[in-house]
Amino acid sequence: IGTGTDVSPGEFPWLVSIQSHGKHICGGAIISALWILTAAHCFADELPPDLTVAVGGVDLSLPLEECNPDSLILHEEFNRTSLQNDIALILLSNPIEFSMVKIPICLPFVCDTDTWQHCWAAGWENTSAASRVLQKTRMKLISREKCLKHIPHLMGGVMCAETEQGEGEGEGGGGGGGGCQVDSGGPLVCSYWNTMKWFQVGIISGG
């Protein structure tokens, strides 16, 4: 998140860091004790042997609880060229023990973009000069018509979001949001009608 601000511990308790050789490669979201939802383009067709999922923290410079994956499921119609259906699930070897800093995100019950308010994206930058602390930025969903003006090749089943300051548009596979490339796989989360419940309405696919 190039224009984000630091996230406090427990503020986005569903967000995880998917890592290879101890380095962050993609974000993801806890959707149950055993399942992580992320983007398919983060992986090859098979589960990397050195993959781990870090949970329960916001600062990658500190030791975090690591979960080992058991298997990887890519959407059967995922297209690596167009990034359509850019969705993957990671099954963990052991269940996550939930706490104030490890909580699953709710899954959406409607697809209407007008329902969702107060949207956020969060992610870690992976450049050497970047902060190792999770960053967040406010987002807003935009219409498909507006998005097509910026992304003429936009595939079906994809939604768009931009920062509230209008600093850029992003493309989301299978329903996703804008962000930086380093934030791939992380969730776009929104609430509705000023409730305190948060729902994952998209997976960040590109931006």
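**Exercise 1. Which residues is K102 in contact with, leaving aside its neighbours within four places in sequence?**

*Step 1.* Contact here is heavy atoms within 4.5 Å. Skip the neighbours within four places and you get P13, V55, G56, E65, I96 and E97 for K102.

*Step 2.* A quick word on what you're looking at: this is a predicted model, where local features need pLDDT of at least 70, side-chain atom pairs count only at pLDDT 80 or more, and totals for chains, interfaces and linings use all residues. Residues are numbered from 1 along each chain as its sequence is written, and side-chain values use heavy atoms, with hydrogens and water left out.

*Step 3.* Now place K102: look in the loop between β8 (88-92) and β9 (117-123). Strands are DSSP runs of E with at least two residues, helices are runs of H or I with at least four, and both are numbered from the N terminus.

**Exercise 2. Is K102 buried or exposed, and what lies 3.1 Å from a polar atom of its side chain?**

*Step 1.* K102 has 9% relative accessibility, so it counts as buried. The cut-offs are under 20% relative accessible area for buried, over 50% for exposed, and partly exposed in between (1.4 Å probe, protein chains only).

*Step 2.* The backbone oxygen of E97 is the one lying 3.1 Å from a polar side-chain atom of K102.

*Step 3.* The side chain of K102 also has a 2.6 Å polar contact with that of E65. Such a contact is a pair of N or O atoms within 3.5 Å; within protein, one must be able to donate a hydrogen and the other to accept it, and residues adjacent in sequence count only if both atoms are side-chain atoms.

**Exercise 3. How many salt bridges does the count come to, and which residues do shared partners join into one network?**

*Step 1.* Start with the rule: a side-chain nitrogen of Lys or Arg within 4 Å of a carboxyl oxygen of Asp or Glu. That gives 4 salt bridges.

*Step 2.* One of them pairs K136 with E11, with the closest N and O atoms 2.3 Å apart. K136 sits in strand β10 (residues 135-142) and E11 in the loop between β1 (5-6) and β2 (15-20), so the pair ties together parts 125 residues apart in sequence.

*Step 3.* Next, E162 and K146 meet at 3.1 Å, N to O. E162 belongs to strand β11 and K146 to helix α1 (residues 144-150).

*Step 4.* K140 and E162 form a salt bridge too, at 3.5 Å. Put the shared partners together, and K140, K146 and E162 make one network.
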